[in-house]
Amino acid sequence: MIEIKNISKKFGKNEILKGIDLQIKKGEVVVILGPSGSGKTTFLRCLNFLEKADDGELTINDKKVHFKKASSKDILELRRKTAMVFQQYDLFLHKTAVENIMEGLVIARKVSKNKAYQIGLELLEKVGLKDKEDSYPHQLSGGQQQRVGIARALALNPEVILFDEPTSALDPELVGETLDVIKKVAESGVTMVIVTHEMSFAYDIADRIIFMEDGVIVEQGTPKEVFEQTKEERTKQFLARFTYER
């Protein structure tokens, strides 16, 4: 169970998040939609303390932290409960695919190199890259790099995985392979929060859709409720710009 209360964030005088409240159940897949500048990515980054929110509380299972009072120890504990998959992959360029997956296990979790290596191989197979263990990022396509990033997140066995526009940097023909892997991860019961502009994918994968704009949640509900029984005019205007297949 994840509970976010009154999360707020400013950059200078620009108020990015305006007191967001959200609860996420264990195993739930929450997809966040919204126009550029709506605060989606900042919201994710605050959940992982890549950005420190100005106010609000975050609870992940038994760990509760107030953003204003979070100590280094608190931040480390919460980061261990989360993992993030980035737009630009953020792999270590001088490490192989399997070494990228091993890094967090060995350095942060103090897992032995042998055990981390075995976990890395298992996860590469899970994301369809069993034959790429010794490949460096420059030898992989964008889609393959992103799948290594997903495997790296899974290796940490987090309470929740945060996906920030995981396909936005990919060529169109590579998007599908990455989305397929994310769907398989979702089917395994991992709690996920996904920021995406892929509407069909959002409809198919989400337990709940959140539509954000201007730092607030405008509307939320099941995919059917948000896409087909839209209540808010602003959500209707946003969705009208996209086509999606059911």
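How much space lies in the largest pocket? I started my notes there, keeping in mind that this is a predicted model. I got about 560 Å³ for the largest pocket. Its lining has 20 residues, and Arg79, Thr82, Gly104, Ala108 and Leu156 are the closest to the pocket centre.

Next I looked up which elements build that lining. Helix H2 (72-79), strand S6 (82-85), helix H3 (97-107) and helix H5 each put in at least two residues. H3 has the largest share, with 4 residues. I also sorted the pocket lining by character: 10 nonpolar, 4 polar and 6 charged residues.

**Closed space**

Then I went after enclosed voids. Rolling a probe the size of a water molecule over the atoms shows where empty space is left. I found 1 cavity of 30 Å³ or more, and the volume of the largest cavity is about 40 Å³. I noted its lining as Ile2, Ile24, Leu47, Leu58, Ile60, Thr82, Val160, Leu162 and Val193. Strand S4 (55-60) and strand S7 (160-164) each give at least two residues to this cavity lining. By character, I have the cavity lining down as 8 nonpolar, 1 polar and no charged.

Thr82 turned up twice in my notes: it is on the list of cavity-lining residues, and it is also among the pocket-lining residues closest to the pocket centre.

**Cores**

Where do the most contacts inside the largest nonpolar core fall? I wrote down Val31, Leu33, Met192 and Ile194, in a core of 51 residues. Helix H6 (residues 172-187) gives the most to this core, with 7 residues. Apart from it I found another core, of 31 residues, with Phe49, Ala70, Met84 and Ile210 among them.

I followed Val31 a bit further. Setting aside neighbours within four places in sequence, I see Val31 in contact with Ile194, Thr196, Ala202, Ile205, Ala206, Arg208, Ile209 and Ile210. So Val31 touches Ile194, one of the residues with the most contacts inside the largest core, and Val31 also touches Ile210, which I had listed in the other core.

**Gln145**

Is Gln145 buried or exposed? I put Gln145 down as buried, because its relative accessibility is 14% and the cut-off for buried is under 20%. Gln145 sits in helix H5 (residues 142-155). Not counting residues up to four places away in sequence, I have Gln145 touching Tyr89, Leu91, Pro137 and Leu140. H5, for its part, was already in my notes as one of the elements with at least two residues in the pocket lining.

Key. Residues are numbered from 1 along each chain as its sequence is written. This is a predicted model: local features need pLDDT of at least 70, side-chain atom pairs count only at pLDDT 80 or more; totals for chains, interfaces and linings use all residues. Side-chain values use heavy atoms; hydrogens and water are left out. A nonpolar core is a set of buried Ala, Val, Leu, Ile, Met, Phe, Trp, Tyr and Cys residues joined through side-chain atoms within 4.5 Å. Buried means under 20% relative accessible area, exposed over 50%, partly exposed in between (1.4 Å probe, protein chains only). Contact means heavy atoms within 4.5 Å. On a 1 Å grid over the protein atoms alone, a cavity is a set of points where a 1.4 Å probe fits but cannot get out, and a pocket is an open set with protein on both sides within 12 Å along at least five of seven lines; lining residues have an atom within 4 Å of a point. Grid points are joined across faces, edges and corners, and a volume is the space filled by probe spheres set on the points. Ala, Val, Leu, Ile, Met, Phe, Trp, Tyr, Cys and Pro count as nonpolar, Asp, Glu, Lys and Arg as charged, and the others, Gly among them, as polar.
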